[in-house]
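Dear colleague,

I am passing on a structure for you to look at, and below it you will find my notes on what turned up. Please keep the view open while you read, so that you can follow along.

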Amino acid sequence: MPSTRRQAIAAALAFGVACATGPARAESSYPSKPITLVVAYPAGGDTDALARLFAEKLSARVGQPVMVDNRPGASGIIGSAYVSKAQPDGYTLLLAPSTFSIAQLVLKTGGTSGYDVLNGFTPIVQTGSLPLFLVASGASGMASVKDLVAAAKAGKPLTYASPGSGSPMHILGEMFNRAAGVNLAHVPYKGVAPAVNDVLGGHVPATFITLGPVAPYLANGKMLPLAVASHERSALAPKVPTLQELGYKDVEVTAWNGLWGPRNLPPEIVKTLNAHFNEILKMPEIVSRMAVLGTTPVGGSADVLGKTNAADFARFGKVIKELGIQAD
């Protein structure tokens, strides 16, 4: 065989091998450097706690450091917008609660500080689902929803705390106001931890909150669980009645959290991260730790998170318009 022909065949074979193995090499090389997991809230809240839990497990699986970066402000908008502008290379990710879907519907933001809720990010996996509870300070003298409503209707000026304007807790508070015929004034905080601290200190008598941050105080009586805003009683606190049981129909909000990347994150990176997180969410120590934080693992395909986000954006957008909810 002439040498030129042999060279041509060899070149063709080499090209074919390169085409067949190139994408596999590119996919298997991710990640090749540290990953930053952004939390758009202060340290100490439930989203931050989950992020640190996931970061540890993901780092062990991929062999690269996974660093949590807290970027709080504007009910999560600042940190979320930061990730939306990051390179879509899988090295800057966002762990966000469901405030992500609705904060911009309540807060007025400039064009440079906002983000496109439906199209500005790539969904990766819904990590958890969280029932929301109505909780009162143990020092408030209110041991039931009936007590709270009676005090409000008697003219006592009452407030409720939330981790931020536009949060699911804020929306739930205003839905409860409408259903109960009361006017509890909203007091927004920059995250879960400061909201809980002020309820503990007696500065605010009640809050709508996830279970994890308040569980120790429910156990020692410094806070009292009045109701849960889910369709059924929560397995995490089965003795606590639902608001629907107590006669407040359609007052139902369930929070969630999920992992996002910037828009146009390559499908192979989404697939890799989704697979890792689905395995992480099955780990017994993760399931038990998430239960302590008031969270039930979800997992599934990236589409699960995308559909959950879109449904909340549509539902709560309507509620916000109906109730005229605005940032405090």
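The bridge partner of A161 in strand β6 is V187, in what is a predicted model. This pair can be read against the two strands as a whole, since β5 (residues 159-162) and β6 (residues 185-188) run parallel and are joined by 4 bridges. Together with helix α6, which covers residues 168-180, strands β5 and β6 make a β-α-β unit that is right-handed.

Helix α6 comes up again at the cavities. How many cavities of 30 Å³ or more does the structure hold? There are 3 of them, and the largest contains about 210 Å³ of space. Its lining is made up of 24 residues, among which D46, T47, P97, M169 and V192 are the closest to its centre. At least two lining residues come from each of α2, α6, α7 (192-200) and β9, and α2 gives the most, with 4 residues. Sorted by class, the lining of this largest cavity has 14 nonpolar, 7 polar and 3 charged residues.

The second largest cavity, with a volume of about 30 Å³, is lined by I35, L37, A55, L58, V66, L93, L259 and F277. Two or more of these lining residues are given by β1 (35-39) and by α2. By class, this lining has 8 nonpolar residues, with no polar and no charged ones.

Now to the charged side chains. Side chains of opposite charge can pair when their charged atoms come close, and the count here comes to 6 salt bridges. One of them joins the side chains of E285 and K57, at 3.2 Å from N to O. Because E285 lies in helix α10 (residues 284-292) and K57 in helix α2 (residues 46-62), this pair ties together parts that are 228 residues apart in sequence.

Another salt bridge is formed by E245 and R233, whose closest N and O atoms are 2.8 Å apart; both residues sit in the loop between β8 (223-228) and β9 (254-262), 12 residues apart. A further salt bridge brings together the side chains of D69 and R71, at 2.8 Å from N to O.

Are the residues of this last pair buried or partly exposed? D69 counts as partly exposed, at 22% relative accessibility, and R71 is partly exposed too, with a relative accessible area of 30%. E285, at 40% relative accessibility, also counts as partly exposed.

With best wishes

How values were computed: Residues numbered from 1 in each chain as written. Predicted model: local features only at pLDDT ≥ 70, side-chain atom pairs only at ≥ 80, totals over all residues. Heavy atoms only, no water. Salt bridge = Lys/Arg side-chain N within 4 Å of Asp/Glu carboxyl O. Buried < 20%, exposed > 50% of the residue type's maximum accessible area, 1.4 Å probe, protein only. Pairing = 2+ DSSP bridges. Right-handed = clockwise from strand over helix to strand, strands pointing away. 1 Å grid on protein atoms, 1.4 Å probe; cavity = no way out; pocket = protein on both sides within 12 Å on 5 of 7 lines; lining within 4 Å. Points joined across faces, edges and corners; volume = space filled by probe spheres on them. Nonpolar A, V, L, I, M, F, W, Y, C, P; charged D, E, K, R; others polar.
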